[in-house]
Amino acid sequence: DVVVGEVWLATGQSNMAFKVDAVENAAAEKAAGDFPAIRQFLVNNIAVLQPAETVQGSWQVCSPRTIGGFSAVGYFFARDLFHKLGQPMGLINSSWGATPAEAWTRRGALAALPEFKPRMEQEIADLEKVPAEQAAWPALQAV
């Protein structure tokens, strides 16, 4: 069940993570949400210390049963484009509510800004502690 068409990245914080289930007219949107040519790949929220080359997640076909879990912004964007272009729409939803904006920006880009340099130096120092903290975690759980 593969389609070929547009693919868009829906990424960011709470505004992009906001789901169709939470919109004001969710019941009506879900009832009318039968668009098998619109699909969403929802990237699992897994914290990593370095940029990842692969992600975990799954594709879902847009239907009244699944649409509630779609990014509302992504869905309305894809639906409007689908009507205008008549092309299948794929959304890659890589959003995570309540994350800091800095988490979505390369460290090197932030470190180049003088106002972020102290924060990036602290982040590097904190990241250097992670292996020891991870190794100590099992012993802390046993207490």
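**Strand 4, two pockets and a ring cluster**

Trainee: How many bridges join strand 1 to strand 4?

Mentor: This is a predicted model. Strand 1 covers residues 6-12 and runs parallel to strand 4. One bridge partner of strand 1's Glu6 is easy to place: Met89, in strand 4. The number of bridges joining the two strands is 7.

Trainee: Which residue of strand 4 stands opposite Leu42?

Mentor: Start with strand 2, residues 35-43. Strand 2 and strand 4 run parallel, joined by 5 bridges. Opposite Leu42 in strand 4 stands Asn93.

Trainee: How many of the residues of strand 4 are buried?

Mentor: Strand 4 spans residues 89-95. The strand is mostly covered. Of its 7 residues, the buried ones number 5.

Trainee: Which element gives the largest share of the lining of the largest pocket?

Mentor: The pocket holds about 1,200 Å³ of space, and 32 residues line it. Strand 4, helix 4 (107-111) and helix 5 (117-142) each supply at least two of them. The largest share is 5 residues, and it comes from helix 5.

Trainee: How many residues of that lining, in the largest pocket, are charged?

Mentor: Ile46, Ala47, Val48, Gln50 and Ala103 lie nearest the centre of the largest pocket. By class, the lining has 15 nonpolar and 12 polar residues. The charged residues number 5.

Trainee: Which elements give two or more residues to the lining of the second largest pocket?

Mentor: The second largest pocket has a volume of about 180 Å³. Its lining has 13 residues, with Val3, Val7, Arg39, Trp59 and Gly90 closest to the centre. The elements giving two or more are strand 1, strand 3 (57-62) and strand 4.

Trainee: What kind of aromatic pair do Phe35 and Tyr75 form?

Mentor: The structure holds 5 aromatic pairs. In this one, the ring centres of Phe35 and Tyr75 are 6.4 Å apart, with 55 degrees between the planes. Phe35 is in strand 2 and Tyr75 in helix 3 (residues 72-85), 40 residues apart. The pair is tilted.

Trainee: And what kind of pair do Phe35 and Phe82 form?

Mentor: Phe82 is also in helix 3, 47 residues from Phe35. The centres of Phe35 and Phe82 are 5.9 Å apart, and the planes make 75 degrees. Over 60 degrees is the cut-off. The pair is edge-to-face.

Trainee: Why does Phe35 count as buried?

Mentor: Ring pairs link Phe35 into a cluster with Tyr75, Phe76 and Phe82. Buried means under 20% relative accessible area. Phe35 counts as buried because its relative accessibility is 13%.

Conventions
Residues numbered from 1 in each chain as written. Predicted model: local features only at pLDDT ≥ 70, side-chain atom pairs only at ≥ 80, totals over all residues. Heavy atoms only, no water. Buried < 20%, exposed > 50% of the residue type's maximum accessible area, 1.4 Å probe, protein only. Helix = DSSP H or I, 4+ residues; strand = E, 2+ residues; numbered from the N terminus. Pairing = 2+ DSSP bridges. 1 Å grid on protein atoms, 1.4 Å probe; cavity = no way out; pocket = protein on both sides within 12 Å on 5 of 7 lines; lining within 4 Å. Points joined across faces, edges and corners; volume = space filled by probe spheres on them. Nonpolar A, V, L, I, M, F, W, Y, C, P; charged D, E, K, R; others polar. Phe/Tyr/Trp six-rings, centres within 6.5 Å; stacked < 30°, edge-to-face > 60°.
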